[in-house]
There are 2 protein chains.
Amino acid sequence: MEEKAPATIKEFEERLIEVSEDLPKRLRQCADYVAASKDRIAVSTVAEMAEGARVQPSAFMRFCRILGFSGFSEMQRLFRDSYAGGWPDYSTRLKHLREKAEGSPSALLAEFVDVGRTSLENLLKTIDPKVLDDAVEALAKAEMIHIIGLRRSFPVASYIAYAFEKMNVPAMLHSGVGGLDNHNAIRPGDVLLAVTFSPYSAETVGMVEAAGARGLSVVALTDTIVSPLRKFGAITLSVSEVDFGAFRSLSATLCLAIVLSVAVGTKRSG
Amino acid sequence: MEEKAPATIKEFEERLIEVSEDLPKRLRQCADYVAASKDRIAVSTVAEMAEGARVQPSAFMRFCRILGFSGFSEMQRLFRDSYAGGWPDYSTRLKHLREKAEGSPSALLAEFVDVGRTSLENLLKTIDPKVLDDAVEALAKAEMIHIIGLRRSFPVASYIAYAFEKMNVPAMLHSGVGGLDNHNAIRPGDVLLAVTFSPYSAETVGMVEAAGARGLSVVALTDTIVSPLRKFGAITLSVSEVDFGAFRSLSATLCLAIVLSVAVGTKRSG
DNA sequence: AGCAAAATAGAACATATATTCCAAATTTCG
DNA sequence: CGAAATTTGGAATATATGTTCTATTTTGCT
């Protein structure tokens with residue numbers, strides 16, 4: 001190996017980027033895995049790293065040399081040594097960031113991370129397993145799933161649409177592009193999955209009402225239990241998200257969206 | 001061995017305190033050293049730990065057993081697994097859940113909540129405040145912000161677009177609806193904000209390349225540091241998120257997106 | 001002080017882990 | 001299409017590391 005070994009984590013990263021431009025398949029897998037989980041290097045064996053990268057240990061070995069190390073051990077030493085002092089645990093780091101970096105983007109990040117975490121925690125506490133089951137059941141039986149979610153809910157709706165697509169679940173995203181709302185596409189046997197939050201958008205509510213009137217099942221992803229969607233007989237999954245300023249961290253909502261998607265997807269194919 | 005091994009760091013600490021009351025000299029040294037540098041356990045050999053405690057390896061060995069472990073290896077495993085909040089192998093755990101279908105939706109939910117929480121925690125650790133500042137700075141100075149993010153990244157892109165809109169930041173979401181890609185809308189003084197993940201979509205990469213070639217600033221929200229966007233000189237914010245197959249828990253990514261939006265929004269109006 | 005019990009050091013042994021090597025598969029290039 | 005070069009998988013080997021054993025020392029007790 002021509003190059004000499006990186007002496008710091010920074011050098012390591014630079015070398016990793018520099019090298020990973022053109023790399024054969026297996027070695028690329030190594031590069032990707034390492035990039036994604038550098039922190040595992042210090043505490044893993046080659047075998048474990050190789051498994052993580054879905055590669056033979058010998059391949060991972062070769063990868064270490066390309067980076068300039070004599071072998072895995074030498075590379076690992078770099079990470080073990082610089083581990084010194086250890087990573088402060090989450091709570092201290094958070095506090096530190098908040099105090100020290102007041103007003104800076106990093107401080108904001110600390111706040112939002114914290115908000116997101118508590119939201120997720122709450123989600124687990126507030127979701128009723130029975131209702132979740134019902135929702136999955138209903139969606140799994142649908143001929144076709146119609147998804148609606150506008151404005152702030154649109155990211156969630158589009159995520160669900162993407163996931164369904166990937167899992168071959170017939171679904172249609174009603175985005176309202178061009179002011180068209182293809183109400184007619186909704187047919188008996190279909191199910192409507194509506195996502196909406198606090199200033200509940202009229203289109204969404206209208207769509208739920210229409211679907212309810214025609215006797216279709218409706219699954220609603222919304223905040224609080226007093227959401228207007230409830231009165232139309234929808235299966236209502238409520239997520240209470242911690243607000244920070246005017247901005248809603250969608251962590252919990254998106255988490256629930258993924259769960260719904262995956263659960264429905266597997267139930268259908270199983 | 002009367003007692004059985006501690007299963008968590010907390011249990012470990014309790015046991016350590018409980019035991020260290022009356023201990024022969026050498027073993028006391030072990031206890032003291034371990035108490036002072038628990039974090040070294042994960043990345044050291046018995047020999048190193050023994051040396052640190054000024055004790056023979058065999059003595060340290062005995063110490064491990066007194067704590068209830070079968071040996072040093074078992075004790076080390078505890079620390080290695082829980083290291084850095086430990087990214088246990090979520091992808092395989094989730095795959096099992098999915099395959100066995102034994103996972104009720106609630107079980108899935110619990111997993112994803114956990115995944116989301118660690119992702120967020122990790123985000124806080126890996127984001128470089130300097131780079132975040134640079135990104136905010138660049139975006140705040142832009143005449144107009146062009147946002148691109150397709151497929152799995154689309155929810156994130158659309159969320160950012162929504163937030164900018166709400167904060168009166170001039171921004172344009174390039175969604176590629178109808179196969180149109182309004183390259184010509186991008187003008188000098190504008191900034192491109194690109195969001196893309198692992199199977200990096202060609203359109204996004206192309207757009208970044210074009211913008212870079214014209215000398216425009218580019219901010220990239222991507223995974224791992226080896227993302228192809230890096231080579232075009234983009235300010236790269238990398239988020240490592242657990243994903244398997246089509247499913248990426250976007251918690252961390254969205255969190256970062258909100259932070260960016262809010263920081264840019266306030267900087268502009270301030 | 002003298003004896004028994006406990007503790008210790010260090011070497012011997014066992015095991016886990018890294019590393020190397022080479023034949024087979026794949027890709028590249030003429 | 002075929003030869004050369006590269007890349008890969010897997011078994012073989014070397015090394016580092018954990019673990020156990022026992023003679024020796026220290027401690028505690030009467």
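In this predicted model, the surface near DNA strand D is made up, by class, of six nonpolar, six polar and four charged residues. These are the 16 residues that surround DNA strand D, among which Arg26(A), Gln56(A), Val46(B), Met61(B) and Phe72(B) are the closest. Several helices contribute to this surface: helix 2 (25-36) and helix 4 of chain A, together with helix 3 (46-52), helix 4 (57-66) and helix 5 (72-81) of chain B, each supply at least two of its residues. On the side of the nucleic acid, 74% of the atoms of DNA strand D that lie within 4 Å of the protein belong to sugar or phosphate, and the rest belong to bases.

Individual polar approaches to DNA strand D come from residues of both chain A and chain B. In chain A, an N or O atom in the side chain of Gln56(A) lies 2.4 Å from a phosphate oxygen of DNA strand D. In chain B, the side chain of Arg65(B) places an N or O atom 2.8 Å from a phosphate oxygen of this strand, while Phe72(B) approaches through its backbone, with an N or O atom 2.6 Å from a phosphate oxygen of DNA strand D.

The surroundings of DNA strand C were examined in turn. Of the 16 residues around DNA strand C, those that come nearest are Val46(A), Met61(A), Phe72(A), Arg26(B) and Gln56(B). Of the atoms of DNA strand C that come within 4 Å of the protein, sugar and phosphate account for 78%. The residues of the surface near DNA strand C divide by class into six nonpolar, six polar and four charged. At the level of single atoms, a polar side-chain atom of Arg65(A) is placed 2.8 Å from a phosphate oxygen of DNA strand C, and a polar side-chain atom of Ser73(A) is placed 2.9 Å from a sugar or linking oxygen of that strand. From chain B, the side chain of Arg62(B) brings an N or O atom to 3.1 Å from a phosphate oxygen of DNA strand C. Two or more residues of this surface are given by each of helix 3 (46-53), helix 4 and helix 5 of chain A, and likewise by helix 2 (25-36) and helix 4 of chain B.

Chain A and chain B also meet one another, in a contact that takes 66 residues from chain A and 59 residues from chain B. About 6,100 Å² is buried between the two chains, and 72% of this area is on carbon and sulfur atoms. On the side of chain A, Tyr83(A), Leu109(A) and Phe247(A) supply 11% of the area that this chain buries against chain B, which is more than any other three residues supply.

Chain A itself contains 11 helices and seven strands, and 51% of its 270 residues count as buried. Among the contacts in chain A with a separation of 6 or more, 68% are between residues 24 or more positions apart.

Over all chains, the structure holds nine aromatic pairs. One of these is formed by Phe60(A) and Phe63(A), a tilted pair with 5.8 Å from centre to centre and 55° between the planes. Both residues lie in helix 4 (residues 57-66) of chain A, where they are three residues apart, or about one turn of the helix. Phe60(A) counts as buried because its relative accessibility is 0%, and Phe63(A) also counts as buried because its relative accessibility is 0%. Phe60(A) takes part in a further pair, with Phe72(A): the ring centres are 6.0 Å apart and the planes stand at 70°, so this pair is edge-to-face, the angle being over 60 degrees. This second pair links distant parts of the chain, since Phe60(A) belongs to helix 4 and Phe72(A) to helix 5 (residues 72-81) of chain A, 12 residues apart. Both of these residues are buried. Elsewhere, ring pairs link Phe12(A), Phe69(A) and Phe79(A) into a cluster.

In chain B, His146(B) is placed in strand 1 (residues 145-148). With a relative accessible area of 0%, His146(B) is buried, and its side chain makes a polar contact of 2.8 Å with the side chain of His174(B). When residues up to four places away in sequence are not counted, the residues that His146(B) touches include Met172(B), His174(B), Ala185(B), Asp190(B) and Leu193(B).

Technical notes:
Residues numbered from 1 in each chain as written. Chains lettered and ligands numbered in written order. Predicted model: local features only at pLDDT ≥ 70, side-chain atom pairs only at ≥ 80, totals over all residues. Heavy atoms only, no water. Phe/Tyr/Trp six-rings, centres within 6.5 Å; stacked < 30°, edge-to-face > 60°. Helix = DSSP H or I, 4+ residues; strand = E, 2+ residues; numbered from the N terminus. Buried < 20%, exposed > 50% of the residue type's maximum accessible area, 1.4 Å probe, protein only. Near = heavy atom within 4 Å. Polar contact = N/O pair within 3.5 Å; in protein donor to acceptor, adjacent residues only side chain to side chain. Nonpolar A, V, L, I, M, F, W, Y, C, P; charged D, E, K, R; others polar. Contact = heavy atoms within 4.5 Å. Buried area = accessible area lost by both parts, 1.4 Å probe.
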